[in-house]
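Trainee: I would like to go through this model and test the labels one by one. Can we start?
Mentor: Go ahead. Ask what each label rests on.

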Amino acid sequence: MEISTFLQHGAENAISAPALCALTGLNPRALRQCIMTERAAGAEILYQPGGKGGYFLPSTDPEQAQQERAAFYRVQRARALRSLGTLRPVARALGIPIGQLDMTENTGDTSGGQ
């Protein structure tokens with residue numbers, strides 16, 4: 001199932017995760033997995049947090065689309081940096097230099113980080 005077929009363009013048309021679950025019949029975890037799979041395949045599914053937030057495709061207006069992409073990038077970057085910070089004490093205990101964390105390393109974990 002392609003979640004992007006349920007989405008509209010522009011942050012003003014964002015659809016919440018609960019609404020997407022209702023439309024698709026997926027539970028929240030399956031919805032997130034579908035979105036991750038589509039993003040990995042190159043889909044630009046953006047997310048805006050907050051009360052009017054949700055998932056959407058970039059605007060058809062090029063300038064607005066760039067603003068939406070930049071906002072999504074800032075939020076995701078901040079989340080990734082916070083997550084990376086949680087690895088620091090464990091990496092230190094394993095003797096892995098902090099500046100050399102390999103985010104592509106295959107640890108054999110197939111849980112998808114869940």
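Trainee: Leaving aside its neighbours within four places in sequence, which residues is Ser 4 in contact with?
Mentor: Ser 4 is in contact with Glu 38, Ile 45 and Leu 57. Bear in mind that this is a predicted model.

Trainee: What makes Ser 4 buried?
Mentor: The relative accessible area of Ser 4 is 18%. Buried means under 20%, so Ser 4 is buried. Ser 4 is found in the segment before helix H1 (17–24).

Trainee: Why is Phe 6 called partly exposed?
Mentor: Phe 6 also lies in the segment before H1. Its relative accessible area is 31%. Partly exposed runs between 20% and 50%, so Phe 6 gets that label.

Trainee: Which residues form a nonpolar patch on the surface with Phe 6?
Mentor: Met 1 and Leu 23 form it with Phe 6. Together the three have about 300 Å² of accessible area. A patch takes residues with over 30% relative accessible area. Phe 6, at 31%, passes that test.

Trainee: How do you know that the count of disulfides is 0?
Mentor: The sulfurs of a disulfide must lie within 2.5 Å. The count by that rule is 0. Cys 21 is in no disulfide, since the nearest cysteine sulfur, that of Cys 34, is 9.8 Å away. For Cys 34, the closest cysteine sulfur is in Cys 21, and 9.8 Å is too far for a bond.

Trainee: Is Cys 21 buried or exposed?
Mentor: Cys 21 is at 12% relative accessibility. The limit for buried is under 20%, so Cys 21 counts as buried.

Trainee: Which residues make up the largest nonpolar core?
Mentor: The core has 11 residues. They are Ile 3, Leu 7, Ile 15, Leu 20, Cys 21, Leu 31, Cys 34, Ile 35, Ile 45, Tyr 55 and Leu 57. H1 and helix H2 (28–40) each supply at least two of them. H2 gives the most, with 3 residues.

Trainee: What is Ile 35 in contact with, leaving aside its neighbours within four places in sequence?
Mentor: Ile 35 is in contact with Ile 3, Ile 45 and Tyr 55. Those three are listed in the largest nonpolar core, as is Ile 35.

Trainee: What makes Glu 44 and Arg 69 a salt bridge?
Mentor: Their side chains meet at 2.4 Å, N to O. The limit is 4 Å, so the pair qualifies as a salt bridge. A search of the whole structure finds 1 salt bridge.

Trainee: Why does the pair tie together separate parts of the sequence?
Mentor: Glu 44 lies in the loop between H2 and strand S1 (46–48). Arg 69 lies in helix H3 (residues 62–94), so the pair joins parts that are 25 residues apart in sequence.

Trainee: Are Glu 44 and Arg 69 buried or partly exposed?
Mentor: Glu 44 has a relative accessible area of 37%. Arg 69 is at 28%. Partly exposed lies between 20% and 50%, so the label holds for Glu 44 and for Arg 69.

Trainee: What pattern does the chain follow along the sequence?
Mentor: The pattern is α-α-β-β-α. That fits the count of 3 helices and 2 strands. Of the 114 residues, 23% count as buried. The accessible surface of the chain is about 7900 Å², with 54% belonging to carbon and sulfur atoms.

Note on methods. Residues are numbered from 1 along each chain as its sequence is written. This is a predicted model: local features need pLDDT of at least 70, side-chain atom pairs count only at pLDDT 80 or more; totals for chains, interfaces and linings use all residues. Side-chain values use heavy atoms; hydrogens and water are left out. Buried means under 20% relative accessible area, exposed over 50%, partly exposed in between (1.4 Å probe, protein chains only). Helices (H or I, at least four residues) and strands (E, at least two) are DSSP runs, numbered from the N terminus. Accessible areas come from the Shrake-Rupley method with a 1.4 Å probe; for residues, only the protein chains shown count as cover. Contact means heavy atoms within 4.5 Å. Patches are made of residues with over 30% relative accessible area and no salt bridge: like charges are joined within 9 Å, nonpolar side chains (Val, Leu, Ile, Met, Phe, Trp, Tyr) within 5 Å. A nonpolar core is a set of buried Ala, Val, Leu, Ile, Met, Phe, Trp, Tyr and Cys residues joined through side-chain atoms within 4.5 Å.
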